[in-house]
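Biologist: I'd like a close look at a single part of this model, please. Take your time and walk me through it in one go.

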Amino acid sequence: MHPTSSPRAAGGKAGRLYTVDNPKKSATVTVMTALFAFYCLLPLAWLVINATKSQADFVSTFGLAPGRKFALWDNIVEVFRYQDGIFSRWLVNTLLYVVVGATVSTFLAALGGYALAKLDFRGKRVFLFVVLGSISVPGIALAIPQFLLFARLGLTNTPWAILLPSFINPFGLYLMWVFTAEAVPSGLLEAAKIDGAGELRTFLRIALPLLAPASVTVLLFSFVSIWNNYFLPLIMLKDPAWYPLTVGINQWNKLGSTAGNGALVQNLVITSALLTIIPLIIAFLGLQRYWQSGLSLGAVKG
Amino acid sequence: MRLSRKVRLLCAALVPMFGLAACSGGANGGGDAGGGDEQVKITVWSWDGTVEKAVPGFQAANPNIKVEVVNAGSSQDEYKALDNAIQAGSGVPDLVMFEYFAVPYFAIPGKLADLGEFGADKLKDDYVPAAWGDVTVNGKVYALPSDYGPSAMFYNAATLKKAGVDKPPATWDEYYEAAKKVHALGGDHYIAQDTGDIFFLLSLIWQAGGRPFKVDGNKVHIDFTDEGTTKAVAFWQKMLDEGLVNTKVTGWSDDWNRTLNDGSLATQTMGGWLTSTLPERAPKAAGDFRVALMPQWEQGDKVGAENGGSSFGIPAAAPHKEAAFKFLEYFTHGAGLQTRVDAGAFVPNKSVLDSEAFRNKAVDYFGGQKVGAVLAEASEIVGSGWQYPPFFEWARSIYGDIASPYYTSGKVSLAQILEQWKQRCIQYGNEQGFQVD
Amino acid sequence: MDLARRSDVTPPATSSPDAARDPAPARKRRRSRAGLAFIAPFGALFALVFIVPILYAAFLSLFQERLLGGTTFVGFANYGKLFRDPQFWDGVGRVFRFTLVQVPIMLLFAMALALALDSRRVHGIRFFRATIFLPYAVPAIVSTLMWGFLLGVKYGLFGSLNHALGTDLDPFAPGNTLISIGLMVTWAFTGFNMLIFYSALKAVPRELYEAAAIDGANEFQIIRAIKLPALRGSLVVTIIFSIIGTFQMFNEPQILPTMVANSGVTTYYTPNLYAYNLAFTGSQQGYAAALALVMAAITIAVAYAVQIRGLRNASDQ
């Protein structure tokens, strides 16, 4: 039942036919993919190169050329020292928002997706329509009503102002619904219930493990979107001690890019941006294993 | 049944908000504190880094007041945050930074406390007159100036010399002649950059004696056809028409930093605060730049204008007004002022501008020039009587929409742009409850 | 085609997926209660974060705020004004045009890449998968900084390119700005969509391919008969989410004017940017709320149309 984990030699007619799990590599397809990867990497190359430059070199050398002096370490040290080391605080905040937010939102999405796919309740269609409809409302215009509501509840300028909205991931709910419908055989659930398991127990013991790969997908998307969340914290938080990285970095950038006598610290903006992307890369590569290990979806279907 | 519970839940959440919307602004009278021995904490919103430097000294002198300085965003972001906080009735800071043009926006609808109550009037004589005018609305003081932007001409002496201009242009006519020589250097050499910078254009108008905005109570009068305005606009039109201005590089962008750095931008007429940030933007041009007064409209004149600058005011809904004023006075007049000046602040206080220490300090980046003396003079000669309409924040945000097609296609003229801008302002201002014509 | 039917992994978008049929009535009631309990945490938070603010926005849209004279009830006047506002329709037209061109291109790339990776005919699959997804993880402020450099004509890479080729193209001339924004948006979101497609493909049982291979099908036949049908459901999802995304375009036009002069980006360049400027600099919260709701209605209508079409195509198969 695990086709992907057992590479099988395919039938004899080598050449035109391929083994499903290990086909002949194609240079053409590789090159075309590589071209697109180049498009993806070029701007990032700029980021890496410029993170190694001092501020003076940044304004005076060509973007893709190295600076006169290799200042990456200086920049990193300065990022962590600038404004009394507030960067570390932002990093911790962001981790808090991301870990708690992504975990809870994934769990809620799984719970909701499961209910939509496997349980009946009145108003299911209305519920879906409202959820999908609501995300069509431009978030910018909701920011102020959200702010006023949260201020009313005394939540502004606290981590809850960021966490509560991040618990909701409509796209995650949608994915979970779709995955649950496909990956969790209703027969299995029925069997568990006949054995006397309650709904919650059935969900936790039977459904959730089957949803692991889908959960990783949703977790990853939640992770990234909370990590990049900018507008909401900008409105909700006024205390830099609660800022996430995005707002903090943007504020550093604005110091020098708006009219006034703010400090010009583009080298710190760029280096800190690079530093913020690295955890995401690690998270992605760390979770890659789950993508790799043949989604149990396939197993169930087969 | 499910539905009705949901509806009830929503109503419970919404009703207080509706009530809130109906009586916004009325909330939070705010008992003052900060006198006696009671411990008070005040919140200051500032994107001026020097204010924070004054905190330790103030707290040492006033142990019962704790000051928390917060960067709540720059300019527009902060103003909106303040509006939100006032509307929500919670989280209103005690002391807030405003650019000069934003003071009437908050003062006229009654969102700022009249600082006269705290004796701010006494401080008037320490300021250059124009700065005091900036914080006075309909005869009352609503903020105290904290930094100043007398317009000055920063020029790259090396570039000018290469172009055959040996001394900085003293009049706009000389400036025009110099512009042609600089442009003749070829390539991307220009004497100035402008991509529709309203503050620059207004500083030209200001200097030429134009006063396009007249504000009296709720009445706003806009006119871009007075003599000074016409003169300034016609001059700049000529510069643009003859291609003497770089219209590709926008201020504060990375490209701008680079044109300053490589010497292809010969002059930048801007607020005096450029002094502190120019060295980091143009490190390679160290020693090349100098500062001069703005070129004059007539030989022998000495008139200046403003370009930027900011102040601090106390919201009417602030919880600790008295303590806030104490701190405000400390960093705009008391011992905190010098701390800020040492940290790079440029202030309109005569006590600072007239001091020997300020005037005689030679600055290496500017080739040893005594920059302070030039800027002090530029501050003192700023023409008075300028006013901003209370909706200027909005007006400047849409100016680019109107001006941009001109800067890319060259169609229409600056005068037509200003006329169109005026019409939009009139419409908007009247919608907002002012009487604008 | 039997293969296609079996591999159609994604259920139709709106109708409820095939939950187990015909349980006993008593059980059904119990499940109904359980269903509500399962959906409740999401539902409650959703109400707090979305529904209540939307209702509040709807309420605000009936008022006009003034700097002087406070807030007055104006009924539906904001909506009337909006329908006559050429700036609003200018923005709507722009995001429509943008969506029509950019979304298909982006999704085609995403799909092609997903197919390429899933075919396992590519060297370094793991590397490419991570690389192509990576841009999605770059905060918008940073990505705009990077693209500002790459497309800059004076000091940027594009300028060097112009120089080398003797051309005089400006990616941020008003006529070209939208294309440049498209380049940035495609860069940022192709990987995201690719992952959606890729995980849908992963869900196809590989026995199907083996069976097809034994029947003598070549790669393209397998793509047509098995893989593309398997992607249909995700395609509807990605289209809808891309439409919602581009209709709400904000970051790029918001940041661009600080870097490039006169790129043609106005304060009403996209409806979302317009709403922001109305609410944040114009103090026209009520008008901005009306705009947001109308924009949402337009988005829903378009998304719904796409869904219906997606469903019809699905049943045609």
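How much area do domain 1 of chain B and domain 2 of chain B bury between them, and what share of it is on carbon and sulfur atoms?

Modeller: Sure, and keep in mind that this is a predicted model. The two domains of chain B bury about 2,100 Å² between them, with 60% of that on carbon and sulfur atoms. On the domain 1 side, the residues that lose the most area to domain 2 of chain B are F101(B), G149(B) and R359(B), which together make up 30% of what that side buries.

As for where the domains run, the assignment puts residues 26-149 and 308-359 of chain B in domain 1, while domain 2 takes 150-307 plus 363-436. Going by C-alpha atoms, their centres sit 28 Å apart. In terms of contacts, 24 residues from domain 1 of chain B meet 31 residues from domain 2 of chain B.

Now the polar side of things. Between these two domains there is one salt bridge. R359(B) forms a salt bridge with E380(B), and the closest N and O atoms of that pair are 3.6 Å apart. R359(B) also turns up in the trio with the most area lost from domain 1 of chain B to domain 2 of chain B. Besides that, the count of residue pairs in polar contact between the domains is five, with both partners at pLDDT 80 or more.

If you want to pick out the elements on the domain 1 side that touches domain 2 of chain B, those giving two or more residues are helix 4 (76-88), helix 5 (103-107), helix 6 (129-134), strand 6 (143-156), strand 13 (306-313) and helix 16 (356-359) of chain B. Helix 6 of chain B gives the most to that side, with three residues. By residue class, the domain 1 side of this contact splits into 13 nonpolar, seven polar and four charged.

For context, here is a contact between whole chains in the same model. Chain C and chain A bury about 10,700 Å² between them, 74% of it on carbon and sulfur atoms. That contact draws on 109 residues of chain C and 110 of chain A. The salt-bridge count there is zero, and nine residue pairs across the interface of chain C and chain A are in polar contact, both at pLDDT 80 or more. Helix 2 (residues 25-60) of chain C gives the most to the chain C side touching chain A, with 25 residues. That side of chain C divides into 73 nonpolar, 21 polar and 15 charged residues.

Technical notes: Residues numbered from 1 in each chain as written. Chains lettered and ligands numbered in written order. Predicted model: local features only at pLDDT ≥ 70, side-chain atom pairs only at ≥ 80, totals over all residues. Heavy atoms only, no water. Domains from an automatic or database assignment. Contact = heavy atoms within 4.5 Å. Buried area = accessible area lost by both parts, 1.4 Å probe. Salt bridge = Lys/Arg side-chain N within 4 Å of Asp/Glu carboxyl O. Polar contact = N/O pair within 3.5 Å; in protein donor to acceptor, adjacent residues only side chain to side chain. Helix = DSSP H or I, 4+ residues; strand = E, 2+ residues; numbered from the N terminus. Nonpolar A, V, L, I, M, F, W, Y, C, P; charged D, E, K, R; others polar.
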